[in-house]
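Please look through the structure below with the two chains side by side, and then follow the paragraphs that come after it.

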Amino acid sequence: MKNVSKIIPCYAADSSGVCSALYELGGMTVVHDASGCNSTYSTHDEPRWTKMKSNIFISALTELDAIMGNDDKFIADVVSAAHDKQPAFIALCGSPMPMMTGFDYDAVALEIEAQSGIKTIPLHTNGTRSYIEGASEALLEVVKAYAQPCEKRDNAVNVLGLTPLDFPLGTDTAIKKWLADNGFECVCTLAMGDSLDNIKAMPSAKVSLVVSYSGFAAAQYLKDTYGIPIVCGVPLGCEYPCDLAGALFWAMEHNEDYFYSAVHQSGGDTVIIGESVFASSLACALESDRRGRATVISTLPTDERILAQGDVCLSAEEDIEKYLQDYKPACVIADPLYKYIVPKETAFLNLPHFAFSGRCYERHFTNVIDRRLQEILR
Amino acid sequence: MSVTNTPDRPSFVKIADADINGIFPSGLEYNPPARGMWNIVHTGMLVPEAHEIFACAQGCLRGVILTAAEMFELDRLSWISVSEEDMFDGTLESDIIDGVCEIIEKLGHRPPVVLLYLSCIHLFAGVDFDVIIGELSAKYPDIHFVDCYMTPTMRTTVSPVMKMSSQIYGALQPLPLDKKCVAIVGNDRATDEDSELVRIIRENGFTLYDIAYCKTFEEYLQMAKAAVNISYIPTGVLAGDELKERFGGEHIHIPFSCDFDTIEENYKTLCDTLGVDMPDFEEDKKAALQSLKNAKAIIGDTPIAIDYTAVTRPFELARLLCEQGFDVRYVVADSAGAEPQAFEWLKINRPELLIYSPVNVNMLEMPDEPHEDILAIGQKAAYYFASDRFVNIIVNGGYYGFSGIRKIADLMTDAYLNKKDRAQLLRLKGMGCASCL
């Protein structure tokens with residue numbers, strides 16, 4: 001069965017994706033949930049929880065309120081907390097129980113905004129989807145809400161899809177440095193090390209660099225609304241970062257999208273398992289650094305243009321396990337908790353992914369941007 | 001909306017102004033990073049050789065899976081994810097049954113017991129758990145299937161922790177009751193061997209069972225022989241009651257207490273039930289008082305904060321410490337229902353004592369606010385008052401009775417003299433369990 005797992009974990013859920021995406025933007029995020037979402041998110045999905053304060057709360061939904069449809073309590077509680085916290089905005093998202101009761105996020109957001117006078121953004125999570133979907137909607141809606149038309153700046157780049165669920169803390173600094181070293185100006189690193197002011201200025205960019213699929217919907221909005229082309233890719237390894245910088249220049253010059261994570265040739269004796277933009281960028285980096293070809297197993301929602309022909313989208317434990325058995329790769333690169341379903345004779349290179357193994361390998365996280373592959377893969 | 005500096009819902013209240021029937025109004029909740037308390041995964045792992053299977057949405061699965069991963073028990077937990085469509089397509093029960101069967105077939109071994117956890121949405125949708133357990137039991141007669149519940153939405157009806165503390169005995173089968181066998185039930189850790197409770201049981205020739213002692217499923221099954229089941233944690237009451245109903249033994253609830261009279265009454269109940277003489281506790285009382293005196297001599301007038309995760313009766317501990325001259329200024333708790341006398345005593349004798357909500361949204365900034373040097377008892381108190389001087393226990397730490405008070409007093413002294421690595425200790429989930437962190 002596709003929804004059964006004997007041993008490997010599941011990825012962080014959509015509500016965690018929302019919280020992670022909005023963490024640093026000065027808002028107040030409320031997850032409509034009884035309990036559990038808060039401790040799961042703050043323990044396993046959020047490395048900033050003890051380092052940086054953020055107004056992220058749950059509604060503490062009870063059985064009686066769920067059955068009686070007591071949305072007034074939720075509204076009153078959010079308005080009360082907003083009074084105390086004075087956030088820049090309020091975001092609402094939810095868990096499985098509100099899904100069961102048909103909670104109307106849009107209507108409730110309007111009511112809260114009317115009562116509090118604070119912009120309120122409804123996000124339609126239900127705890128049954130992946131963090132990519134939650135973060136994607138959150139980033140899209142926050143860009144829609146705050147991006148303002150402004151004058152274009154030369155070589156200005158937006159980075160989208162940057163959250164600690166996919167990248168170690170500090171990646172924003174590393175990616176800004178890489179951009180600066182290559183002659184770019186970074187407008188925004190949505191949403192790590194960033195602010196609403198930077199989001200307002202996003203339309204001034206001449207290209208959007210999508211580093212995880214979480215950022216794709218927001219980048220598409222910026223393209224549709226402000227004509228900013230999209231480049232997908234993560235600067236990994238020795239050669240690929242230079243090529244990716246070239247792709248950014250090309251996209252700016254031609255005002256066309258460039259899915260530069262898809263330029264590798266699928267195949268070879270290596271399989272990379274993970275998030276699509278990162279995993280396919282890593283495949284590109286392997287190829288550019290003459291370490292052979294790789295096939296990507298994208299385990300999360302994506303757009304097929306991000307992957308190379310021959311890469312596959314699989315999410316169920318049984319499907320990934322069978323694919324690996326049939327493929328017989330010499331080497332698999334993945335989060336260490338995938339090791340349980342990798343054939344014993346296959347070499348395994350650890351690449352911890354916070355959205356998968358949480359804190360288990362936290363001490364092994366290291367900056368990956370613009371670094372040699374032998375420093376990243378162990 | 002008008003903006004004032006006064007919080008709409010303050011995070012603290014003077015005990016003099018507090019209503020024991022509802023200290024704080026409910027509202028949005030903050031989750032402090034103090035992770036020592038156990039969850040239902042940790043508790044389920046107490047059943048030797050058990051395999052846990054969770055059927056729920058991805059958001060709910062995530063926390064339980066990584067709980068198991070961090071405690072090196074990932075191979076004892078599997079899952080079935082539930083989508084929105086699954087809830088409405090009429091396959092609620094069959095999906096779970098099929099998923100469990102697939103997992104069992106893939107395990108490569110037959111666990112003697114499977115703990116099957118369903119979630120809020122299943123109960124809300126009217127799942128027939130009996131049918132699921134019945135069909136699985138018929139297909140795998142060599143496996144005990146136990147219905148378990150990850151149902152935080154229903155926490156005000158039956159708390160998931162209390163229910164889980166009971167369900168871990170669900171695989172026990174009737175055995176002839178043995179009058180010389182006693183079990184302590186409902187705890188997540190063994191009771192301190194030095195406690196008068198354990199001494200009375202052992203010194204009178206009784207065999208003491210506790211799930212925390214059990215290393216094999218066979219040992220676990222022997223617990224059904226206990227003629228007397230003892231609970232002393234509030235969340236253990238249901239376990240004792242249900243064991244009494246299933247197997248016919250006695251259940252006595254002798255709650256952890258910091259009140260000397262209550263402790264003595266508890267021991268009288270125990271001795272009467274076991275049919276043994278009541279020991280003389282004068283030396284134990286003296287030792288407890290002496291430890292408190294020693295602690296006071298060292299800690300002096302350092303302000304003290306106590307939280308509800310450290311001890312199940314924080315207001316009783318506050319009263320005891322105040323009576324012994326300590327300066328207890330803060331209690332972090334949102335209820336005091338089981339200890340009205342201590343609450344009322346503090347209202348009258350320490351009206352300025354502040355009660356802090358453990359979850360109020362305005363607690364978010366509290367660790368960053370300036371604090372006097374505090375001796376904290378409990379992880380949440382340590383976190384909120386940003387103190388490295390703290391007693392690192394949860395749920396009474398396995399301590400009980402006069403010896404328990406003596407040991408907690410000794411831990412206070414040690415906490416005052418020896419600072420701890422707060423950040424590292426508070427991040428570990430399930431105090432006492434293995435951790436990969």
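Where the packing of helices is described here, an axis is a line fitted to C-alpha atoms, for helices over the stretch in contact, and an angle runs from 0 to 180 degrees between N-to-C directions. What is shown is a predicted model, and the values below are computed from it.

It helps to begin with the overall division of each chain. Chain A is split into domain 1 (14-129), domain 2 (145-260) and domain 3 (261-376), and the centres of domain 1 and domain 3 of chain A, taken over C-alpha atoms, are 33 Å apart. For chain B the assignment gives domain 1 (48-167), domain 2 (178-274) and domain 3 (292-427), with 37 Å between the centres of domain 1 and domain 3 of chain B, again taken over C-alpha atoms.

The two chains meet through 59 residues of chain A and 58 residues of chain B. On the chain A side, the elements that give two or more residues to this contact are strand 1 (4-5), helix 2 (37-45), strand 3 (55-58), helix 3 (63-68), helix 4 (71-85) and helix 5 (96-101). The residues on that side comprise 24 nonpolar, 27 polar and eight charged ones.

Two of these elements can be followed across to chain B, and helix 2 of chain A is one of them. How do helix 2 of chain A and helix 2 of chain B pack? Their axes lie 9 Å apart and make an angle of about 55°, which means that helix 2 of chain A is oblique to helix 2 of chain B. The crossing of these two helices is left-handed. Helix 2 of chain A contributes A:C37, A:S39, A:T40, A:T43 and A:H44 to the contact, while helix 2 of chain B contributes B:G59, B:R62, B:G63 and B:L66. Sorted by character, the residues of this helix contact are two nonpolar, six polar and one charged.

The other element is strand 1 of chain A, which runs antiparallel to strand 3 (residues 77-81) of chain B and is joined to that strand by two bridges. Within this pairing, A:S5 has B:W79 as its bridge partner. Strands of a sheet pair through backbone hydrogen bonds, either parallel or antiparallel. The resulting open sheet has five strands in the order 1(A)-3(B)-2(B)-4(B)-5(B), with mixed pairing. Strand 1 of chain A and strand 5 (144-150) of chain B are the edge strands, each pairing on one side only. Towards the chain B edge, helix 5 (residues 129-139) of chain B lies across strand 4 (113-119) and strand 5 of chain B, running at about 150° to strand 5 of chain B.

Key:
Residues are numbered from 1 along each chain as its sequence is written. Chains are lettered from A and ligands numbered from 1 in the order in which they are written. This is a predicted model: local features need pLDDT of at least 70, side-chain atom pairs count only at pLDDT 80 or more; totals for chains, interfaces and linings use all residues. Domain bounds come from an automatic or database domain assignment. Two residues are in contact if their C-beta atoms, placed from the backbone, lie within 7 Å. Helices (H or I, at least four residues) and strands (E, at least two) are DSSP runs, numbered from the N terminus. Ala, Val, Leu, Ile, Met, Phe, Trp, Tyr, Cys and Pro count as nonpolar, Asp, Glu, Lys and Arg as charged, and the others, Gly among them, as polar. Two strands pair if DSSP finds at least two bridges between them. Angles under 35 degrees count as roughly parallel, over 145 as roughly antiparallel, 65 to 115 as roughly perpendicular and the rest as oblique. A crossing is left-handed if the near helix is turned anticlockwise from the far one by less than a right angle, and right-handed if clockwise.
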